[in-house]
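Reader: I have a structure open and would like to learn how to read it. Where do we start?
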Amino acid sequence: MLKLNQPIIMKKYFFALLLSAFQLTAFCQTKTLVAYFSATGTTRSAAQKLAKQHNATLWEIEAAEPYTAEDLNWRNKQSRSSLEMKNPSERPTIKQCTDIRPYETIYVGFPIWWGICPRIINSWIDNNLEQLKGKKLIPFATSGGSPVGPAVDYLRETYPELDWTEGILL
Ligand SMILES: Cc1cc2nc3c(=O)[nH]c(=O)nc-3n(C[C@H](O)[C@H](O)[C@H](O)COP(=O)(O)O)c2cc1C
């Protein structure tokens, strides 16, 4: 009787072992977040691809007051984006908070504005500063041609307590 049941028991053990192995792999894998701001959609599609590639959670950093086309007019010195970028302490309000605690690696994406990141990225970092400490932060950007280097330098200078890797221009 015992002999008859043996293959069934073996099968049960095998599947239990397989399940534990999957659970262990999932537990050991570091969780990745792709957090990004996008005013006109270019950084959004780059972020979506990145999140798929890295099996990461996607989070859009949104302004409480969305940017209009006039807000984004960089030719107008009085437009919202021009005024925000002119003032380094400007911190546009964010629509919703992110819980970044479960993530070890965080891609931080944005369009290049006047050579660096939009001030809303500062708002997001300031809101999460304590939790961001000790995490691996990978800046990525889209632009009309400007490199990402100066934006990364700016982030490193502004937040020396955070661990910034090299930036990626997508
Ligand atoms: C206010 C403003 C300033 C910008 N400044 C720059 C710049 O300095 N260098 C550059 O290459 N592109 C600049 N751009 C272009 C954007 O970086 C580029 O179009 C980006 O891909 C837009 O991303 P998004 O669609 O995710 O908002 C600027 C765009 C705006 C609206």
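Author: Start with one helix face. This is a predicted model. The face of helix 2 turned away from its buried side carries Ser45, Lys49 and Lys52, which are exposed.

Reader: Which residues of helix 2 are buried?

Author: Thr43, Ala46, Ala47, Leu50 and Ala51 are the buried residues of helix 2. Look down the helix axis: these buried residues fall within an arc of 135 degrees, so they line one face of helix 2.

Reader: What do the buried residues of helix 2 pack against?

Author: They pack against four strands: strand 1 (32-36), strand 2 (57-60), strand 3 (105-111) and strand 4 (136-142).

Reader: How many residues does helix 2 have, and what span does it reach?

Author: Helix 2 covers residues 42-53, twelve residues. From first C-alpha to last it reaches 17 Å, close to the 16 Å expected at 1.5 Å a residue. Then look past its end. Asparagine 55 follows helix 2, and its phi is positive, near 50 degrees.

Reader: Let me try the same reading on another helix. Which residues are buried in helix 5?

Author: Helix 5 spans residues 149-158, and Ala151, Val152 and Leu155 are buried there. They cover an arc of only 100 degrees around the axis, so they sit on the same side of helix 5. Gly149 and Glu157 are exposed on the other side. Strand 4 and strand 5 (163-164) are among what covers the buried residues of helix 5.

Reader: Now the core. What is the general idea?

Author: In soluble globular proteins, nonpolar side chains tend to be buried together. Now the case here. The largest nonpolar core has 32 residues. Val34, Ala35, Tyr107, Ile121 and Ala151 touch the most other members.

Reader: Which elements each supply at least two residues of this core?

Author: Strand 1, helix 2, strand 3, helix 4 (119-132), strand 4 and helix 5 each do. The largest share, five residues, comes from helix 4.

Reader: Pick one core residue. What does alanine 35 touch?

Author: Leave out residues up to four places away in sequence. Alanine 35 then touches Trp59, Ile61, Thr98, Ile106, Tyr107, Val108 and Trp124.

Reader: Is leucine 137 buried, partly exposed or exposed?

Author: Count its neighbours. Leucine 137 has 18 C-beta neighbours inside 10 Å, and a buried residue needs 20 or more, so leucine 137 counts as partly exposed. Leucine 137 is found in strand 4.

Reader: What is leucine 137 in contact with, beyond its neighbours within four places in sequence?

Author: Its contacts are Ile106, Val108, Leu132, Leu162, Asp163, Trp164 and Thr165. Take valine 108. Valine 108 and leucine 137 are 29 residues apart along the chain, yet their C-alpha atoms are separated by 6.8 Å.

Reader: Next, the ligand. Which residues come nearest?

Author: There are 20 residues around the ligand, and Ser38, Thr40, Thr42, Thr43 and Pro111 come nearest. Helix 2 gives the largest share of this shell, three residues. By class, the shell has seven nonpolar, twelve polar and one charged residues.

Reader: Finally, zoom out. How many helices and strands are in the protein chain?

Author: The protein chain has five helices and six strands. Along the sequence, the pattern is α-β-α-β-α-β-α-β-α-β-β. Of the 170 residues in the protein chain, 28% are buried. Now take the contacts with a separation of 6 or more. Residues 24 or more positions apart account for 73% of them.

How values were computed. Residues are numbered from 1 along each chain as its sequence is written. This is a predicted model: local features need pLDDT of at least 70, side-chain atom pairs count only at pLDDT 80 or more; totals for chains, interfaces and linings use all residues. The expected span of a helix is 1.5 Å times one less than its number of residues. A residue is buried if 20 or more other C-beta atoms lie within 10 Å of its own, exposed if 12 or fewer, and partly exposed in between; C-beta atoms are placed from the backbone. The arc is that of the directions from the helix axis to the C-beta atoms. Two residues are in contact if their C-beta atoms, placed from the backbone, lie within 7 Å. A residue is near a molecule or strand if its C-beta atom, placed from the backbone, lies within 6 Å of it. Ala, Val, Leu, Ile, Met, Phe, Trp, Tyr, Cys and Pro count as nonpolar, Asp, Glu, Lys and Arg as charged, and the others, Gly among them, as polar. A nonpolar core is a set of buried Ala, Val, Leu, Ile, Met, Phe, Trp, Tyr and Cys residues joined through C-beta atoms within 7 Å.
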